[in-house]
Amino acid sequence: MATERTYIMVKPDGVARGLVGEIIKRFENKGFKLIAIKMLQADEALITKHYEEHIGKSFFPKIVKYILSGPVVGMVWQGKGVVAYGRVMLGKTDPLKSEPGTIRGDFGIDSGRNVVHGSDSVESAEREIKLWFPEGVVEYPRVIDSIIYEWLDGTPDNEDKKNDGEVSNTNETSDHPSKSTTTTTVQEEEKESSKPNKDHPSKLCCFPLRVKNKPRKQ
């Protein structure tokens with residue numbers, strides 16, 4: 001089961017603009033699973049701890065002041081590759097350099113008001129989740145996971161990756177007529193061709209005819 005988690009936080013500007021639902025919708029539509037969410041007015045100690053890697057940098061006081069300016073909505077999302085792809089969905093830090101279709105590309109202009117935060121690594125995600133959700137998250141089964149993830153049919157995740165590579169190689173072969181098809185396909189074709197076909201004369205079984213010679217008249 002996919003257990004990778006990430007921390008996503010809608011910043012004060014995103015909350016004020018009513019973008020919380022839109023951001024949730026995008027992650028849900030992708031297939032990721034929401035396992036924790038809450039709105040809160042963070043205090044300075046929590047924000048400082050969250051951004052502690054930036055302490056001492058010129059922009060640090062501005063970040064703290066900005067997050068203190070209003071409530072935030074913190075969320076924990078779970079799913080295969082959720083950390084890396086979550087960052088793709090968010091877009092670049094500078095919204096004007098973000099691709100259209102990303103959250104920041106669609107809804108942001110200034111870097112200082114870029115709508116949302118997302119963990120940049122699995123390790124950072126786990127640290128941030130513990131910081132913002134010390135009470136833990138909610139684990140629950142989801143019926144649609146068997147539709148979203150093919151490996152829930154009993155095949156381990158690493159087997160899927162192996163099979164994906166095999167399928168890819170097979171497809172590449174089939175795109176080039178000069179390359180032979182798989183052994184299985186050839187065997188199936190030979191087996192099929194050996195079956196008698198009543199509808200085609202070339203497939204009928206033929207038996208030699210014996211003709212009895214009549215005596216010639218003298």
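Which residues does Tryptophan 77 touch, not counting residues up to four places away in sequence? Here are a few notes to go with the structure, which is a predicted model.

1. Let's take that tryptophan straight away. Tryptophan 77 touches Glu4, Arg5, Thr6 and Ile8, then Ile24, Phe27 and Glu28, and also Phe32, Lys33, Leu34 and Val82, leaving aside residues up to four places away in sequence.

2. Trp77 also belongs to the largest nonpolar core, which has 21 residues. Together with Ile23, Phe27 and Met75, Trp77 is among those with the most contacts inside this core. Two or more residues each come from β1 (5-10), α2 (20-30), β3 (72-78) and α5 (82-90). A second core, separate from this one, has 19 residues, including Tyr51, Val64, Tyr66 and Ile67.

3. Now for the overall layout. The protein has 10 helices and four strands, and along the sequence they run β-α-α-β-α-α-β-α-α-β-α-α-α-α. Of its 218 residues, 34% count as buried. Among contacts between residues at least 6 apart in sequence, 75% join residues at least 24 apart.

4. You may want to look at the largest pocket, with a volume of about 530 Å³. Its lining has 20 residues, and Lys11, Tyr51, His54, Ile63 and Thr93 lie nearest the centre. One of these, Tyr51, is also part of the second core.

5. Where does the largest share of that lining come from? It comes from α4, with three residues; α4 (60-68), β4 (116-118) and α7 (122-132) each supply at least two. By type, the lining holds nine polar, seven charged and four nonpolar residues.

6. Finally, the surface: the protein exposes about 14,800 Å², of which carbon and sulfur atoms supply 55%.

Methods:
Residues are numbered from 1 along each chain as its sequence is written. This is a predicted model: local features need pLDDT of at least 70, side-chain atom pairs count only at pLDDT 80 or more; totals for chains, interfaces and linings use all residues. Side-chain values use heavy atoms; hydrogens and water are left out. A nonpolar core is a set of buried Ala, Val, Leu, Ile, Met, Phe, Trp, Tyr and Cys residues joined through side-chain atoms within 4.5 Å. Buried means under 20% relative accessible area, exposed over 50%, partly exposed in between (1.4 Å probe, protein chains only). Contact means heavy atoms within 4.5 Å. On a 1 Å grid over the protein atoms alone, a cavity is a set of points where a 1.4 Å probe fits but cannot get out, and a pocket is an open set with protein on both sides within 12 Å along at least five of seven lines; lining residues have an atom within 4 Å of a point. Grid points are joined across faces, edges and corners, and a volume is the space filled by probe spheres set on the points. Ala, Val, Leu, Ile, Met, Phe, Trp, Tyr, Cys and Pro count as nonpolar, Asp, Glu, Lys and Arg as charged, and the others, Gly among them, as polar. Accessible areas come from the Shrake-Rupley method with a 1.4 Å probe; for residues, only the protein chains shown count as cover.
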